[in-house]
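Student: Can we walk through this one together? I'd like to start with the terms and then get to the contacts.

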Amino acid sequence: MKQSFFDRRDFLKATTIIGVSGALGLSLSDGLIPKAKAETHDATSGVGGEIKIVKTNCRACIHNCGVLAHVKNGRVVKLEGNPEYPMSKGTLCAKGLAGIQALYNPNRNKYPMLRVGKRGENKWKRISWNDALQKLADTLMDTREKYGAEAVFCSTGGGGNPQFPSIARFCNAFGTPNWFEPGCSQCYLPRTLTWDLMYGGPASSIADSEALELYSKDSKIKTLVLWGTSVSYSCPAGGGRILTELRSKGVRTVSVDPRFTPDAARADVWLPIRPGTDVALMLSWIRYVIANNHYDKDFVLKWTNLPFLVNTKTHMLLRASELVSDGDSNTFVIWDTTSKSAKPLTYPWDEKLIPALEGEFNVGGETYKTGFQLLKDRVEPYTLEHAAKICWLEKDKIEQALQLYIQGPSGISLGVATDQHPNSTQAAMSICILDSIMGNVEKPGALMQRRPHSGTMEPSTYIVPEARKLLSEEQLNKRLGAIEHKGLLQWGAAHIPTVLNAILTAKPYQPRVWIERSGNKFAVLGNASSWLPAIDKVDFIAHMYMYPTSFSSYADMLLPAAEWLETNMLVESLNMLCGRQAVTHTWETMDETLFWSKLAKRLADMGHENCQKAFDAEFMGRDLPYWNTMEELLDARLKPLSITWKEFIKKSPMEFMPYDKWHQYYVYKQVDPETGLPVGFSTPSKKLELYGERFIELGRTGRPYATYDLPPASQDYDALPYYAEPHENPNADVGKEFPLVMTNGRLPMFHHGTLRNVPWLREIYPVPEIWINPVAAKKYGVEQSDWVWVESRRGKTQAKARVTEGIAPGTVYMERFWFPETLNTESHGWKEMNVNVLSKNDAPFNDVCGTYTLRGYQVRVYKADSAPEGVWTEPEQFAPWLPNPSDPTPEAEA
Ligand SMILES: Nc1nc2c(c(=O)[nH]1)N[C@H]1C(S)=C(S)[C@@H](COP(=O)(O)OP(=O)(O)OC[C@H]3O[C@@H](n4cnc5c(=O)[nH]c(N)nc54)[C@H](O)[C@@H]3O)O[C@H]1N2
Ligand SMILES: Nc1nc2c(c(=O)[nH]1)N[C@H]1C(S)=C(S)[C@@H](COP(=O)(O)OP(=O)(O)OC[C@H]3O[C@@H](n4cnc5c(=O)[nH]c(N)nc54)[C@H](O)[C@@H]3O)O[C@H]1N2
Ligand code: SF4
Ligand SMILES: [Mo]
């Protein structure tokens with residue numbers, strides 16, 4: 001392939017190490033491109049002028065690494081890491097470096113387009129932004145008038161889309177409760193929800209830029225457990241890099257992962273768990289630390305709600321108001337072992353009382369147990385032997401891992417793996433409980449820490465406020481699937497399978513218009529084929545993205561979205577605030593934040609009252625009125641720092657607080673000047689609420705997330721974690737026909753469905769591999785590099801066999817994939833080799849969040865006669881996708 005822009009050899013040197021490291025077990029961080037090597041030999045040919053270096057931030061995944069973009073005459077000619085950015089320290093990964101090939105890809109969506117042929121024919125005509133917005137606005141207004149605003153639904157990409165709440169905000173203003181994204185219940189929400197309800201602080205996901213303690217100048221952590229996360233693949237330049245540093249300083253790691261990733265290879269103990277069974281293992285860990293007295297009893301007594309009494313019939317905590325006439329409803333009751341009676345425990349504790357941690361008690365004729373006793377009862381069946389059997393692990397290995405974990409300070413970083421099966425919230429609860437009872441909370445070395453934010457992005461960590469008050473109670477009640485799965489209320493999203501079902505059955509009503517703002521829904525949604533009949537039932541589909549994907553083939557309108565090098569945003573990293581600034585602008589692409597704002601403005605101008613309110617500064621207050629330019633929004637966001645966007649980007653990255661002040665420990669012990677008492681944790685009781693009564697309240701009312709109380713879910717949510725065997729498993733009926741357990745995880749060269757059109761990345765990894773153990777390969781007649789069929793109850797697709805000991809004989813691994821080169825064929829690129837043809841989006845769901853099954857279901861594998869048709873595998877084939885820069889273009893008029 002011909003060289004252009006930056007040097008292909010250096011790029012490959014950086015990225016092939018990724019591939020090799022997978023096989024040899026080296027850390028990917030070793031393969032980060034050295035700064036000095038990332039030269040641009042022929043990049044500048046034909047481009048006159050001085051090189052200008054623009055500081056910005058990558059967004060080819062969710063890690064936001066600092067970037068120095070070299071720009072010549074408005075054209076980006078080279079990218080390198082910005083050493084000032086504290087989490088990536090000047091490193092970039094292959095996806096980040098691919099930014100130029102993504103930006104100048106010849107197949108970018110350049111202008112708004114309207115379909116002229118039949119759906120699926122991919123025939124389009126160019127229209128102006130003005131016409132596109134008007135057509136959309138007319139369609140939305142008509143639909144609302146005829147069928148109600150809820151007949152419009154929107155969707156977005158979660159993983160990687162920093163403007164995530166833009167869509168929620170637009171839907172709230174327009175009046176539809178229905179938007180979704182394929183992560184959400186399947187990504188991060190089960191964790192953010194659980195840590196919020198139990199702790200009031202962030203979860204422990206390294207890939208989501210949490211667990212910031214790892215980046216401390218002198219971290220005291222001794223053991224880090226990577227549970228269902230492989231940071232060398234999911235955030236190479238940040239989490240992957242810091243992990244390499246920590247290991248070299250002697251930090252021990254445990255990897256719980258079915259796949260022998262670089263992080264598993266470097267771990268002190270690798271537990272290749274059967275996909276979907278994590279909670280059984282977690283419950284065994286809780287049992288082990290309790291049974292062997294490894295937990296921090298003093299901390300549990302003083303700082304968790306586990307000593308509080310729980311009514312065994314109602315599952316609710318006993319309140320002082322129920323015990324004594326002048327008792328307070330926010331004060332809870334313990335069993336005092338001295339007086340042998342139930343006593344209210346005044347916050348934070350009462351030295352005169354000695355609370356029982358375990359036991360069953362009779363209070364006023366009713367039976368009560370402590371939260372701790374209930375937890376102990378719950379985990380009792382999960383001995384290490386029992387868990388080993390369920391999880392396909394060796395008992396001794398589990399114990400070795402536990403021996404490392406109990407030597408704290410330690411912490412468990414829970415990744416996305418457990419968010420992708422119906423045990424999602426149970427897994428998050430189990431890990432939050434484990435780290436808490438071990439006392440790994442807010443002390444040096446612990447992952448659970450609350451650190452100050454810059455205040456520019458409050459109330460969330462995004463620059464766009466959701467403005468929930470814009471959605472009426474009546475419309476909120478119509479949110480599809482959110483009455484049953486109220487965890488979704490934390491993010492304000494609808495439940496994907498319920499939306500799909502409504503489209504197919506018109507029950508409880510018919511969704512008719514779909515605005516989709518992300519990549520390729522057929523690559524990222526579970527059971528992708530189930531969406532085909534739904535597409536036919538939707539009257540109008542608009543798709544906004546950077547380039548056409550399989551999904552575009554089914555759309556009626558295409559809108560050109562800006563690449564990350566074309567957009568402005570704020571990024572927090574430790575105690576610093578950074579500006580991701582637009583480095584250039586190509587064709588008529590638009591930042592999606594601006595797009596939603598412009599669409600709302602159109603509707604407001606057409607008399608939509610709620611959209612008019614969204615432009616009213618007084619009404620919107622902290623939620624901000626809509627903006628006409630990104631600068632307007634960013635200036636408003638930066639007000640707490642008394643700086644404008646233009647001033648800020650000159651100083652970025654900028655400390656919003658001195659490091660030592662920001663780097664706090666023991667926040668819960670800080671004294672509240674108003675009460676003179678410790679501030680505690682951000683929960684109603686100010687204790688760690690490990691007995692999750694708040695889950696019960698959430699299921700019954702929607703509190704604390706719903707703006708209005710909602711009807712109850714069909715069943716109470718459980719206040720404690722429990723294990724449910726995967727619905728499809730080798731011992732179930734389905735296991736006879738489909739004997740292997742399928743799972744997936746990240747590939748270091750792609751972000752979800754993105755970048756399959758980047759020639760140099762596809763050259764490294766042209767087609768998805770299926771990892772299969774030699775024993776299974778032999779049994780099913782498969783050899784190294786064979787083309788195979790992979791089949792589940794939902795469908796079949798192809799893959800290339802990678803026969804490896806790096807996966808257990810009963811497990812296989814494969815990734816999401818699509819092929820831009822076959823967009824114009826019948827498959828539209830998504831059917832050939834895509835694990836989401838096989839995955840499962842029907843019940844059972846996680847009760848709290850509605851999670852469906854992307855990991856831990858049954859498949860079979862057999863040899864195929866040939867490769868799928870039309871798919872490119874050779875380097876020369878990708879040449880048509882080499883960069884085709886446009887001259888910088890002014891902002892499009894809309
Ligand atoms: N089988 C299976 N399915 C899965 C998963 C799995 O592991 N296995 N993972 C699930 C998970 S965790 C997730 S999060 C979802 C992801 O699913 P989606 O998020 O729908 O995936 P994409 O649309 O490919 O990625 C998000 C898009 O945001 C784009 N983006 C990034 N920055 C910007 C920006 O500044 N502006 C704009 N306009 N766009 C931007 C990215 O390029 C990317 O295209 O997939 C889920 N699906
Ligand atoms: N390169 C790249 N980076 C990304 C993304 C991307 O698409 N590509 N996506 C971003 C997003 S949105 C997310 S959510 C994060 C996720 O990042 P991580 O949390 O690191 O998640 P994954 O790599 O998807 O999965 C972690 C590991 O889980 C293993 N696994 C599979 N099934 C199971 C199971 O049942 N139990 C356990 N314990 N492990 C299992 C997989 O083998 C995988 O190595 O990555 C982000 N970063
Ligand atoms: S880890 Fe890679 S893709 Fe993600 S932000 Fe950093 S450089 Fe970009
Ligand atoms: Mo995700």
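Tutor: Sure. A polar contact is a pair of N or O atoms within 3.5 Å; within protein, one must be able to donate a hydrogen and the other to accept it, and residues adjacent in sequence count only if both atoms are side-chain atoms. This is a predicted model, where local features need pLDDT of at least 70, side-chain atom pairs count only at pLDDT 80 or more, and totals for chains, interfaces and linings use all residues. Residues are numbered from 1 along each chain as written, chains are lettered from A and ligands numbered from 1 in the order written, and side-chain values use heavy atoms, with hydrogens and water left out.

Student: The backbone nitrogen of which residue lies 3.0 Å from a polar atom of the Q186 side chain?

Tutor: Q186 touches V416, D419 and T851, among others (contact means heavy atoms within 4.5 Å). Also on that list is the residue whose backbone nitrogen sits 3.0 Å from a polar side-chain atom of Q186: Y852.

Student: Is Q186 buried or exposed?

Tutor: Buried means under 20% relative accessible area, exposed over 50%, partly exposed in between (1.4 Å probe, protein chains only). Q186 has 2% relative accessibility, so Q186 counts as buried.

Student: How far is a nitrogen atom of ligand 2 from an N or O atom in the side chain of T743?

Tutor: Ligand 2 has 34 residues around it (a heavy atom within 4 Å), and T743 is among the closest. The distance from that ligand nitrogen to the T743 side-chain N or O atom is 2.5 Å.

Conventions
Lists of a residue's contacts leave out its neighbours within four places in sequence.
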